[in-house]
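Hi,

Here is the structure I said I'd pass on, with my notes underneath. Have a look at the model first, then read on.

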Amino acid sequence: MRSALRRALRGTLSGVSALAFLAFGGALYARAAPPAVLAGLAAVAVGTLLAAGGRSAVRELLGRGPAAGDEDATVGAKQDPDWWLARVEPALDDSWNRWSEVVLTVGLAAVGVGSFVLVATHTGEEPPLGLLVTGTLGINGALLTLAFVFD
């Protein structure tokens, strides 16, 4: 019972971390968020990564690879991607489970539906194109990850 609860908590934290890193990367790319929001997203992303995967996951995200005691430390160093966002998936790999898929699916669906609600309530003449794209990507992402939840 205790290990099932621990797996559920680690999976939930992994899903939240993936969503936070995705939001942080999107906000950096769009240059649309104030520094306080960026700092908050970064804190949530790194904090949940640390809670779900431990220090080794944070080291892997920073590009320092697995710890020296790991048996495949040389393999991880050779396959280290240059882009920081590409290192999130390997860092979360050990703690990723079905709970992570559920959190990711629900989070992407919430982003998609929320974007479309903002478009529907927009008072201007032309709806913001960014919200339409975000809504479409959120709903499509939720539908794609839904298949992994029931796998």
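Let's start with the overall picture. Buried residues account for 28% of the 151 residues in the protein. Keep in mind that this is a predicted model. As for secondary structure, I get 7 helices and 0 strands, so to read the elements from the N terminus on you just get α-α-α-α-α-α-α.

Now the helix packing, beginning at the N-terminal end. How do α1 and α2 pack? The two helices, α1 (2-30) and α2 (residues 35-53), meet at an angle of about 150 degrees, and their axes are 8 Å apart. Angles over 145 degrees count as roughly antiparallel, and that makes α1 roughly antiparallel to α2. The crossing of this pair, α1 with α2, is left-handed.

A residue to click on here is Val44, which sits in helix α2. Is Val44 buried or exposed? Neither quite fits: Val44 has a relative accessible area of 40%, so it is classed as partly exposed. Try Val16 along with it, since Val44 and Val16 are 28 residues apart in sequence, while their C-alpha atoms are 8.3 Å apart in space.

Staying with helix α1, have a look at Gly15, which is found there. Gly15 has 0% relative accessibility and therefore counts as buried, the cut-off for that being under 20%. Pair Gly15 with Asn97: 82 residues separate them in sequence, and the C-alpha to C-alpha distance is 8.9 Å.

On to the other helix pair I looked at. The axes of α6 (residues 98-120) and α7 (residues 129-149) come within 7 Å of each other and cross at roughly 155 degrees. That angle is why α6 and α7 are described as roughly antiparallel to each other. The α6 and α7 crossing is left-handed. What is the contact of α6 with α7 made of? Its residues split into 16 nonpolar, 9 polar and 2 charged.

Just before α6 there is a loop worth a glance. Asp94 lies in it, between α5 (88-92) and α6. With a relative accessible area of 73%, Asp94 is exposed, as the cut-off for exposed is over 50%. Asp94 also has a partner far off in the sequence: Arg10 is 84 residues away along the chain, yet 9.6 Å away in space, C-alpha to C-alpha.

Last, the largest pocket. How much space lies in it? The figure is about 610 Å³. The largest pocket has 18 lining residues, and those that lie nearest its centre are Leu22, Ala23, Gly26, Val111 and Thr134. Which helices supply at least two residues each to that lining? They are α1, α6 and α7, and α1 gives the most, with 8 residues. By residue type, the lining of the largest pocket comes to 14 nonpolar, 4 polar and no charged.

If you want a short route through the model, I'd go in this order:

- α1 against α2, with axes 8 Å apart, then Val44 in α2 and Gly15 in α1.
- α6 against α7, whose axes come within 7 Å, then Asp94 in the loop between α5 and α6.
- The largest pocket, starting from the residues nearest its centre, among them Leu22 and Thr134.

Have fun with it!

Note on methods. Residues numbered from 1 in each chain as written. Predicted model: local features only at pLDDT ≥ 70, side-chain atom pairs only at ≥ 80, totals over all residues. Heavy atoms only, no water. Axes fitted to C-alpha atoms, helices over the stretch in contact; angles between N-to-C directions. Helix = DSSP H or I, 4+ residues; strand = E, 2+ residues; numbered from the N terminus. Parallel < 35°, antiparallel > 145°, perpendicular 65-115°, else oblique. Left-handed = near helix turned anticlockwise from the far one by under 90°. Nonpolar A, V, L, I, M, F, W, Y, C, P; charged D, E, K, R; others polar. Buried < 20%, exposed > 50% of the residue type's maximum accessible area, 1.4 Å probe, protein only. 1 Å grid on protein atoms, 1.4 Å probe; cavity = no way out; pocket = protein on both sides within 12 Å on 5 of 7 lines; lining within 4 Å. Points joined across faces, edges and corners; volume = space filled by probe spheres on them.
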